[in-house]
Structure formats: structure tokens, C-alpha cells
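Reader: Could you take me through one part of this structure closely, in connected prose, and tell me how each term is defined as you go?

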Amino acid sequence: PSLGPERSSELEIGFDAAAFEDRIGLEFTWYSKKTQDAIIDRPVAPSLGYPGFQFANIGQVSNLGMDMSMNLAVIEGDQLSADLNISGGTTYSRIDDMGGLGEIAVRRTRRHVEGYPLASQFEKRVVSADWVTGPGGAVTNVMCDGGTGEDGRRMGGDPVPCAQAPLVWWGRQSEPTWTMQASPTVTLRQNLRLSALFYAQGGNMVGSDALHNAEIAW
């Protein structure tokens, strides 16, 4: 009953440009979006007797990014033509205000934490350990990253015993922060067309189970 609607406002700035008789075309857009009473999902307490997630409102989430594309007419002719399209973009989310809910654990090592991207990866980071009987066996004197930064949850702090170490931020777990793709096309005599697509993305964490298993190991 307490769940309310999201309210968002967004600013977009962009331009289109062309040169050399439209042989080069460029499109660019930058955007900034703020969402009030953003809706997120949080695990239902096990004491209620059934698993699942419940929607809840938090204070504010910000999104910032840009998109761009470039079209190039590399070769123009009756017998042969070649075009190249290059596009890419960036996106970044940040929880500005949790609305008094505090941090919310989501799926093992993922958490909604104020000041960080949605569903970020938080886990202890082992920085040193000693083998008890040799490589592959038990370890002792396990030390973890003690955290740094204003909230003490950034990596790079002094080593502390892992039992006292904070869960530090590893990175985004959800959507990638950047994407890029290139698509060349070659046309022969206007009746045969060959094209390809090259795609890349990154800036986010994958394999959260590996971090979870590492925590169990030490």
C-alpha cells in the first residue's frame, strides 16, 4: 500500500552533423536524468514464510550518459561501395538518496547502497594469507582490505583481519557502463552486399558466484 509512483526529469542535449556531401555523418546525444521515489526490488524477509522480492521506493537515483554514432561512406562507385558505421555510448547510475531505508542486500554480494550504482558488487577483498602446509591446502593469517574513502568502502585501505574487514565496492554488477560497435558494409555491383558486426561492452562485474565462493574458502 505504501508503494508510490516514480517521478523523473531528464535533460538531453545533442546535435546532428554532416560533411563532404554527406559522406560523413555524426550524431551525438548527452543526457542527465534524475528519478525521485525510484522503485527498486528488495528481498522479502524469510520470516514471512515465502521467498521473493518486494518493490519499494527509495529517495533518488541519477543516470548520466551519452550516445554517439558516425557513418562513413568510405568508397562510392557504381561497381564498388563501402560504408562504415561506428556507434557507442556510456551510462552510469548512482543512488543519491536511499530514502531512509539503509542499504539493501540483493542476491548474495549485490547491494543497493547510497552513493554507489544500483545493485553494486560489495564483498571482502583478501590481500594476503599464509599457507599452513603448502600450496593448495589450508591458509592462515588471512588479511583483507580495510577500506578507504569517506565511507570506508573503497578499495585501497590498510590490511586488517578479515573478520573485521568491511565489504568493499568491487564495481557495477548490472548493466555495462560502456558499449561500442562497428559495422562495415561492402556492396559489389549493387547486387551483392557483405556486412559484419563487431561489438564490445564493459565496465561491469560478472561472475558474482566466484566472489561468493572465495569468501567461503577463507
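Author: **The four-stranded sheet and its surroundings**

An open sheet of 4 strands runs in the order β7-β8-β9-β13 with antiparallel pairing, where strands (E, at least two residues) are DSSP runs numbered from the N terminus and two strands pair if DSSP finds at least two bridges between them. This is a predicted model, in which local features need pLDDT of at least 70 and side-chain atom pairs count only at pLDDT 80 or more, while totals for chains, interfaces and linings use all residues. Residues are numbered from 1 along each chain as its sequence is written, and side-chain values use heavy atoms, with hydrogens and water left out.

β7 (104-106) and β13 stand at the edges with a single partner strand each, so one side of each has no neighbour in the sheet. β7 and β8 pair in the antiparallel sense over 3 bridges, and the bridge partner of Ile-104 in β8 is His-112.

A search of the whole structure finds 3 aromatic pairs, that is, rings of Phe, Tyr and Trp (its six-membered ring) with centres within 6.5 Å, counted as stacked under 30 degrees between planes, edge-to-face over 60 and tilted for the rest. Tyr-116 and Trp-169 form a tilted pair, at 5.5 Å centre to centre and 50 degrees between the planes. Tyr-116 lies in the loop between β8 (110-112) and β9 (120-123) and Trp-169 in β13 (residues 168-172), so the pair ties together parts 53 residues apart in sequence. Ring pairs link Tyr-116, Phe-122 and Trp-169 into a cluster.

Both Tyr-116 and Trp-169 are buried, meaning under 20% relative accessible area, with exposed over 50% and partly exposed in between (1.4 Å probe, protein chains only). Arg-172, also in strand β13, is buried at 6%.
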